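Visitor: I would like to go through the cavities and pockets of this model and hear the reason behind each label.

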Amino acid sequence: MKSAMIAGVAMAALAAGAASAKTLVYCSEGSPENFTPAINTTGTSFDAARPVYNRLTEFKRGTTEVVPGLAESWEISDGGQTITFHLRKGVKFHSLKDFKPTRDFNADDVIWSFDRQWKPEHPYFKVSGGKYDYFNDMDMPSLLDTVTKTDDHSVVMKLKEPNVAILANLAMDFMAIGSKEYADFLLKKGTPEQFDQAPVGTGPFSFVAYQKDSVIRYKANKDFYGEKPLVDDLVYAITPDATARYAKLKAGECHVNAYPRPADLEEMKKDPALKVINAPGLNIAFWAFNVTKPPLDNKEVRQALSMAIDRDAIIKDVYLGAGEKAKTLIPATMWSYNDKIVDYPYDPEKAKKMLADAGVKTPLEIDLWYQPVQRPYNPNGKRIGEMMQADLAKVGVNAKLVTYEWGEYRKRAQAGEDMTAQLGWTGDNGDPDNFFFLDGCTAGKPASNNIPKWCNAEYNDLLVKARVIPSQADRAKLYERMQEIEHDEAPELLLAHSIVSEAMRANVEGYKQSPLGTHTFEGVDVK
C-alpha cells in the first residue's frame, strides 16, 4: 500500500508540473546507485547523472563522433603525449537549495575531477566508498603523468605514452566534471557524501529531487552553453517492469521507453499514438565462467559448457530474431572484427564427452546468475537463464538460478562471488578497445569489469600495445589475434549482439538514438 501511495503522489506531481510547464517523462528501468559517474559502472546510474554533467570532450548526440565539450578546443603536441585544453568561458554551475555557486566553471574543477579518482590524498578519494572502476580499468593512473593548469581556462594533460583513444575516453561518463566549489562547501559543512547524492554540474538539466525507486526530477538549465533543452522539466519515472513501462507509455504517463519488450514491438508499431525506432547495437551479451572456481579453471570445461547452450533457440525465443549469435566480443559492424573465427556449435553430445574427458563427474552442480533488469543486449535475463538451465541439464550439469537487485548483482559479480553469471556490455566510445578491455588484466590482476576473472598475458600485452599504435590497420591486426585467444580460452560464452529498439509517444520530436546506448534529452521536444 505504501509503495502504491508513493507512486500515486509521484504521478500527481507529474500531472501538476505538466499543467504549468512542458514536461518530458522518461520511463527508466531502474534506480541509480548515486549521481556521480566516476563511482558507477551501470548504464542505469550513468543515465541518471547524464542530464546534470558535461565532460571536456563529448559525443555528438546520436553518434560516436568526438566534439568539444567543456573544452572548446585543444592541441596535441610532443608526439601525442601532451594535450592542451582551452576551456569555455562563462559556463555556469547549477544551484541547489543549500548551494549557490559564486564563480563560473574553470580549470580548478577539471583538476579536482581528475584528482578525486587519481590521488589517494584527495579529500574526496574515499568518499562514498572510493571505488573508481572505469578510471582504473581504462588504465588512467598508469597513463596520466600530470594534469595542470596554466591559467583559469587552460589545462595541460601530459601522458606517459601516447594513447589513440584518450579524447574518446574523456567523453565517457566517468570523466564528468564536477564543481570544486560545491565539494569544498560540503566538506566544510561535514557532509561530503551529499556530492554524490545531490549533484551539481553544468549540464542541460539541473537536479531537483530523487525519491528512491520512484522518481527523479530535473529542470532545464537555461544557461546551458550547448544544445538547449526544449522542455521545462525532465522526469525519470522509475519503472523496472517492462509491462508496466508499456502501460505507462500507452496511457501517456511517460513519453520515452528505452527498453521495450521485443514481444511488444509489433503491437507498438501498429499504435498511431506511438513510434518505434531501432538500430544495430554496439553491444554484447555473454555468460561468464569464473575461472577461479574449479572445474571452470579448465578451458576444456568452459568450451564444453559453451557447446551445451542452444543460442539459436535463445535468439528466436527471447530476442524474437532481433539479434545475432556472437562469436567475438565486438559486433561485425566494428572495424577489426575477425570473421575467420569458427563459432562454437550447439553440440550437447560432444559437450558431454568433453566434460568426461576433462574428468568432470556428473551431475556437476553450478550456480547460474541471471540479470534482474532488461538491458539493450539482454531482453529477459530470467528467461535466458531458464533456457540455459534446461540445456545444461541435458549434459549432466545442474544449474541453480540466482539473482540480486541490479546494483548488488553488479557488485557481487565484480567481486567474483558467482560461479557463472550473465552480463553484457554496450560500447562507450565506438573504439574496439572499449570491448576488449572487458577481459583486461591490469598489472596482472583482473579489472573490475573482468567478470570471468580471466588473465592471459599475451591477450593483455596486445591490449596495451594497441592503445599506443596510431595506425588503425596495425591495431586491427592485434585485435584480430586477441579475438582468437579469447575464443580458444572461452572465459565467457558470447551469446548475442542485439538490435536495439526504443519506443516513444508519437508527439516526441528530436530524440536521437545513440549507438552507445546512452539516453539524452537536450534538443528533445514534446509537441
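Guide: A residue counts as lining when it has an atom within 4 Å of a grid point of the space, and a cavity is a set of points where a 1.4 Å probe fits but cannot get out. The model is predicted. Its second largest cavity has 13 lining residues, and Thr 36, Ala 38, Ala 176, Gly 178 and Phe 195 lie nearest the centre.

Visitor: Why is Phe 195 called a lining residue of the second largest cavity?

Guide: Lining requires an atom within 4 Å of a point. Phe 195 is listed among the 13 residues of that lining, so Phe 195 has such an atom.

Visitor: How much space lies in the second largest cavity, and which helix gives the most to its lining?

Guide: The space comes to about 100 Å³. Helix H3 (residues 107-118) gives the most, with four residues.

Visitor: What makes Gly 178 polar in the class count for that lining?

Guide: The polar class takes the residues that are neither in the nonpolar list nor charged, Gly among them, so Gly 178 is polar. The lining of the second largest cavity has eight nonpolar, four polar and one charged residues.

Visitor: How many cavities pass the cut-off of 30 Å³ or more?

Guide: Five do. In the largest cavity lies about 160 Å³ of space. Its lining has 16 residues, and Pro 260, Pro 262, Pro 376, Ile 499 and Ser 501 are the closest to its centre. Strand E20 (residues 492-505) supplies the largest share, four residues.

Visitor: Why are Pro 260 and Ile 499 put in the nonpolar class?

Guide: Pro and Ile are both in the nonpolar list, so Pro 260 and Ile 499 belong there. By class, this lining has 11 nonpolar, three polar and two charged residues.

Visitor: What makes the space of about 780 Å³ a pocket?

Guide: A pocket is an open set of points, with protein on both sides within 12 Å along at least five of seven lines. The space of about 780 Å³ is the largest pocket, so it meets that rule. Among its 45 lining residues, Arg 50, Phe 59, Asp 173, Thr 518 and Thr 520 are the closest to its centre. Elements giving two or more residues include helix H2 (43-49) and strand E17 (420-426).

Visitor: What are the volume and the lining of the second largest pocket?

Guide: The volume is about 390 Å³. Of its 21 lining residues, Ala 242, Arg 261, Gln 374, Pro 379 and Asn 380 are the closest to the centre. Helix H9 (242-251) and helix H14 (381-393) each give two or more residues.

Notes: Residues are numbered from 1 along each chain as its sequence is written. This is a predicted model: local features need pLDDT of at least 70, side-chain atom pairs count only at pLDDT 80 or more; totals for chains, interfaces and linings use all residues. Side-chain values use heavy atoms; hydrogens and water are left out. On a 1 Å grid over the protein atoms alone, a cavity is a set of points where a 1.4 Å probe fits but cannot get out, and a pocket is an open set with protein on both sides within 12 Å along at least five of seven lines; lining residues have an atom within 4 Å of a point. Grid points are joined across faces, edges and corners, and a volume is the space filled by probe spheres set on the points.
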